[in-house]
Amino acid sequence: MDIFMRGVALAATEDDVKVELARILHKAPFPLQPVLNFDVSLFKKYNSRGKIGILTLPTESAGRTFLSSYGATGVPIKGARAFFSLSNKPLSEERLAMLNSRPWRDPRKLQEERERRIHASRPHKLKSYAFGRFLADGSFSSELVADGSADIACDLERKRVRFTLCKQGHRSNLDDDIATSMFGLTLQSSITIVSYIPKMIDSMMESIAAEEPILFIKANTFPNFSTEMTIPSVDRIDARRSQGLIPDIPMPPGCFSLACTFTDSGEKEAFKHAARSRFHVHCISKQAAIRVRENTSTHHDPRPRLDFLKDLPFQLAFEVEKATANWTLSPVDAQSLMAQLGRLRDDHGDAAAPIFRRFITLLEDERANKQPRRKSRSRRKRNAPSTLEEHLTQAVDLYLEEQLLPRGRLAPALPSSAVSYTYHMVLTPTRHIFEGPVVDQSNSVLRRFGHHECFLRVSFQDENRSKLRQDLETSINDLLANRYRPVLLNGCSVAGRLYHLLGYSMSGLKEHSLWFVTPFHDEQGRLLNATKIRESLGDFSRSLLLYQPARLGARWSQAFSATDPSINLAPDEILRIDDIKSPAGKVMTDGCSPISTELASAIWRANQRTKKRPARGNPPSAYQFRLGGAKGMVVQDPTLEGRVVCLRPSQVQVRVRQPHVRHPVDVSPTQGHVPEPPSDCAPGIPASEQRAHRRTAGSFD
């Protein structure tokens, strides 16, 4: 019999409720030989009045007796009085059968046993395991395993759930036997460590009806993988970051979760209690068994090939690639929509990509059991789609309906020439993350060549979206060599196109972000690739830059710095002057030159036309600029007449290949902002005090 509970204290747990109710249910008039077995389940939702839940008793007579005695008066639990009433939900036959088949176990004794196991800090042996993902129907797809013995533990020192896979070394040929016998060397043993920090874990899931003690760890991202090689002969442990469970092989897309089959139910309960009490991981118990689909392999293609994407427009192909990388669509599903995607391209043109994004949103909302964002009468009348083709047709109808609605005042405005739509790819040790199109600050290369869909911004990050760093215990050399170096040298394939490294800005390099490009034809029909674009940035053949990679990259980075456009200057508006030097020969005007007031005002007006909210007032007295192969600061000089800017040798970093054409003037995007108040730095304070002391001392002479 199920009894509804309300008003349970917020600080009370299921074990606390069981202990208080056992004092009532384990004495007369309830059965004593054996004592009555019962179960308590507290719901995740609660309000200010307390928690709610279900009390399940094995017999209806016991439930009636309990309700008549304590239903209205309630039972005090943790300082609050809980009240009981008959549940209006159907009785769970599985839970009732479990209560009748198992004896009562005191929660306090179970708690003491679990605490002893936690205090011992020993790992819990696993009978089997599998990495995989949860499907839309709630089943678990088992997709990757590796040979070896496995265990799992709650690492209280590092505050993470640690899965360990041990592999013993083996001899591969006769030479290994000879080396072992001659030099007394023992073979290496490999240990793969998989670490989940608590925020990576959405929940733990178990099934009451499961025949084996199996527990599912449902995660929202890939854990950290590392490999430890133990060499007993030299007493050394070599720890390295790896791409996945199998070294040098990335994990299958979407396989964040882990299915653990323990050796017995006691080991499972001990680990579950440790994760709940120490890391506050939520555990979900389901009545029905969780189906496990066996798709297990020891080798998996990390990025399935979708060759048909090269025939689609990049904007649409990128959305399909992003959906498969996020596993909203499987590669098989994407292949099945090939004909529909072709018709979408032919019928709707540039609108095909936003329509497909609408289609993906519908799938994600349905799988998350969320209500659609917008409800209209025409939409309520439609039947719920059941196939991918029907979902895509519904997305087309919804998109066309939304385009007919009046444009709101707060609708996003079209980007100006100072910003552009860019496409991003984040490469982590285990997966590819696609983002975009994102409105981003433009640069001179994007404005000069256009074709923004042919440029890709690639970032190298860790699993938590931070910069990849090496700690004192684990090396990332193998990860850099096997995961990131091939992308830098050979490029990467995105949406059926091959992208190669183009360049980077200095600020982007600090964030491990680079620009890639795929070959394309410009308006004159010329084929442009990464090499030709870099050659067009300036003449590097007359200097030693070709033999200095760091300086060469810094010169390329000038063109990729985030800048705002202004005006184009004719060659006769650029005046070459010399640097001012001290008597000792030091350059006193390094990177600085004058500009006429008229030209400075013209640059200011042109720059503010690209702003959504132009700044008011007079133009600034100084600009940080980029002009051809020159960069630096220009300061207004009222003595200069007309439209003139002066360039000094210290400002010219690269010679331009076409000095007789008009060149754009790009300014820093921070121009026009309110300057921050100055503040003294730590080295400047004693220097100022020393200078003031010398001036005061000189006055007494």
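Two strands count as paired here if DSSP finds at least two bridges between them, and in this predicted model strand β6 meets that condition with strand β15, residues 257-262, through six bridges in the antiparallel sense. Within that pairing, serine 128 has threonine 261 of β15 as its bridge partner. Strand β6 itself covers residues 124-134 and is mostly covered, with eight of its eleven residues buried.

The same strand β6 has further partners. With strand β7, residues 140-144, β6 pairs in the antiparallel sense over four bridges, and phenylalanine 134 has phenylalanine 140 in β7 as its bridge partner. The hairpin that β6 and β7 make has five residues between the strands, and in this hairpin glycine 138 takes a positive phi near 90°. Strand β8, residues 149-155, is also antiparallel to β6, to which it is joined by two bridges; here lysine 125 stands opposite aspartate 151 in β8.

Before going on to other parts of the chain, it helps to know how confident the prediction is. The protein averages a pLDDT of 83, and 85% of the residues score at least 70. Over residues 170-187, however, pLDDT stays under 50, and the model has 15 contacts beyond four places in sequence for this stretch. Residues 697-701 likewise have pLDDT under 50 throughout, and for them the model has zero contacts beyond four places in sequence. Where pLDDT is low, the predicted coordinates should not be read in detail.

Toward the start of the numbering, one can turn to an open sheet of five strands, ordered β2-β3-β1-β5-β4 and paired in the antiparallel sense. Its edges are taken by β2 (39-47) and β4 (75-77), each of which has a single partner strand, so that one side of each is left without a neighbour in the sheet. On average, neighbouring strands of this sheet are turned by 30° against each other, direction ignored. The edge strand β4 pairs with β5, residues 80-86, in the antiparallel sense over three bridges, and in this pair proline 76 stands opposite arginine 81 in β5. Helix α1, residues 14-25, lies across β1 (2-8), β2, β3 (50-56), β4 and β5, and runs at about 130° to β2.

Further along the chain, six strands form another open sheet, in the order β19-β18-β20-β23-β22-β21, and this time the pairing is mixed. Because β19 (432-441) and β21 (492-494) stand at the edges with a single partner strand each, one side of each is left without a neighbour in the sheet. The twist from one strand to the next averages 40°. Strand β18, residues 419-427, pairs with β19 in the antiparallel sense over eight bridges, and tyrosine 421 stands opposite valine 439 in β19. Helix α7, residues 314-325, lies across β18, β19, β21 and β22 (497-503), running at about 135° to β19.

Is aspartate 440, a residue of strand β19, buried or exposed? Aspartate 440 has a relative accessible area of 18%, and is therefore buried, since the cut-off for that word is under 20%. Leaving aside neighbours within four places in sequence, aspartate 440 is in contact with Val419, Ser420, Thr422, His424 and Arg457. Threonine 422 is 18 residues from aspartate 440 along the chain, yet the C-alpha atoms of the two are separated by 6.3 Å.

The strands β22 and β23 of this sheet also appear in the surroundings of helix α17. This helix takes in residues 549-560, and because its twelve residues should span 16 Å at 1.5 Å a residue, the 17 Å between its end C-alpha atoms agrees with expectation. Its buried residues are Leu552, Gly553, Arg555, Ser557, Gln558, Ala559 and Phe560, and they pack against α13 (444-449), β22, α15 (506-510), β23 (513-517), β29 (622-627) and β30 (630-636).

Finally, there are the cysteines. A disulfide is a covalent bond between the sulfur atoms of two cysteines. With a cut-off of 2.5 Å between the sulfur atoms, the count comes to zero disulfides. Cysteine 283 is buried, with a relative accessible area of 12%, and cysteine 646 is buried as well, at 2%.

Methods:
Residues are numbered from 1 along each chain as its sequence is written. This is a predicted model: local features need pLDDT of at least 70, side-chain atom pairs count only at pLDDT 80 or more; totals for chains, interfaces and linings use all residues. Side-chain values use heavy atoms; hydrogens and water are left out. Axes are lines fitted to C-alpha atoms, for helices over the stretch in contact, and angles run from 0 to 180 degrees between N-to-C directions. Contact means heavy atoms within 4.5 Å. pLDDT is the predictor's confidence in each residue, from 0 to 100. The expected span of a helix is 1.5 Å times one less than its number of residues. Buried means under 20% relative accessible area, exposed over 50%, partly exposed in between (1.4 Å probe, protein chains only).
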